Structure formats: C-alpha cells, structure tokens
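Student: I am new to this structure. Please take one residue and give me a close look at its surroundings.

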Amino acid sequence: MNPRSAARNAFRSSWTMRRRIIIIVLVWCGAMVTYLAILGRPIQLSETAVNGLLLLMASVIGSYVFGAVWDDKGGLTNIGGNMGGMGGGMSTEIYQARTVVPPEMPTGPAMPEPPGEK
C-alpha cells in the first residue's frame, strides 16, 4: 500500500469521526433549544440555557470551518512533497533585513520657522 494513500485514508477517517461528533452536538443543541422554546418555563435559567446552547452551536460551527481550513492547508503542504525546494512540509522564507537610506541627506531645519519668531 502506498504511504501517501494510507495517510489520506487516516486523514479522511479522522474527519468522518469529527463530522459525526459535530452533527451529534448540533442536533442535540437544536433539540434542546426547541424543547426550551416550546415547552420550557419562562424563567431566567431557560433563557440562559438557550443562550449557552446557541453559543455552543456557533462555536462548534466556527471551529469546524476553521479546523477544516487549517487541516486542508496543512494537508496540502505536507502532501506537496518538495515545495519550493525546501524539502516538503511547511515552507519557510528567509528575509534579509536592510536599511533604506535616502541617497542625499537633507540639510537645514526639518521645518521652517513659524512666522513672527524672527
């Protein structure tokens, strides 16, 4: 078996498990919000629970999207092999620090004198 295909299968199976967990959490949160909205008593605890559940749903969705982008970017970098001659993996760039000096240094005061001080 090709090592690259084994890595891709492990990559896909981990996302399959993640998707299951995410879907279960979202369905559970949706059911709880629906239950509290329809059958819950109008008390502060129900309102706080609904707000917490909605925040949990938003954070799960945000984390899923962010994690997918992060994982895809890392997977593409690692699968790419020799990227830019750096030997694969994360490519790094080295910048040389330099100071830019104007060709001719100005002489005299930086600003003209204010009027009336002569």
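Tutor: What follows is a look at Ser46 and at the residues it touches. The model is a predicted one. To set the scene, the protein has two helices and zero strands. It has 118 residues, and 12% of them count as buried. The area that the protein exposes is about 10,300 Å², with 65% of it supplied by carbon and sulfur atoms.

Now to the residue. Ser46 lies in helix α2, which covers residues 44–79. Is Ser46 buried or exposed? Its relative accessibility is 13%, and buried means under 20%, so Ser46 counts as buried. Leaving aside residues up to four places away in sequence, Ser46 touches Leu36 and Arg41.

Leu36 leads further in. With residues up to four places away in sequence again left out, Leu36 touches Ala49, Val50 and Leu53 as well as Ser46. Leu36 is also one of the six residues of the largest nonpolar core, together with Cys29, Val33, Val50, Leu53 and Met57. Two elements, α1 (3–38) and α2, each give two or more residues to this core. In soluble globular proteins, nonpolar side chains tend to be buried together. Val50 and Leu53 therefore appear twice in this account: they are touched by Leu36, and they belong to the largest nonpolar core by the rule that joins buried residues through side-chain atoms within 4.5 Å.

One value covers contacts across the whole protein. Among contacts with a separation of 6 or more, 51% are between residues 24 or more positions apart.

Methods: Residues numbered from 1 in each chain as written. Predicted model: local features only at pLDDT ≥ 70, side-chain atom pairs only at ≥ 80, totals over all residues. Heavy atoms only, no water. Helix = DSSP H or I, 4+ residues; strand = E, 2+ residues; numbered from the N terminus. Buried < 20%, exposed > 50% of the residue type's maximum accessible area, 1.4 Å probe, protein only. Contact = heavy atoms within 4.5 Å. Areas by Shrake-Rupley, 256 points an atom, 1.4 Å probe, with all protein chains shown as cover.
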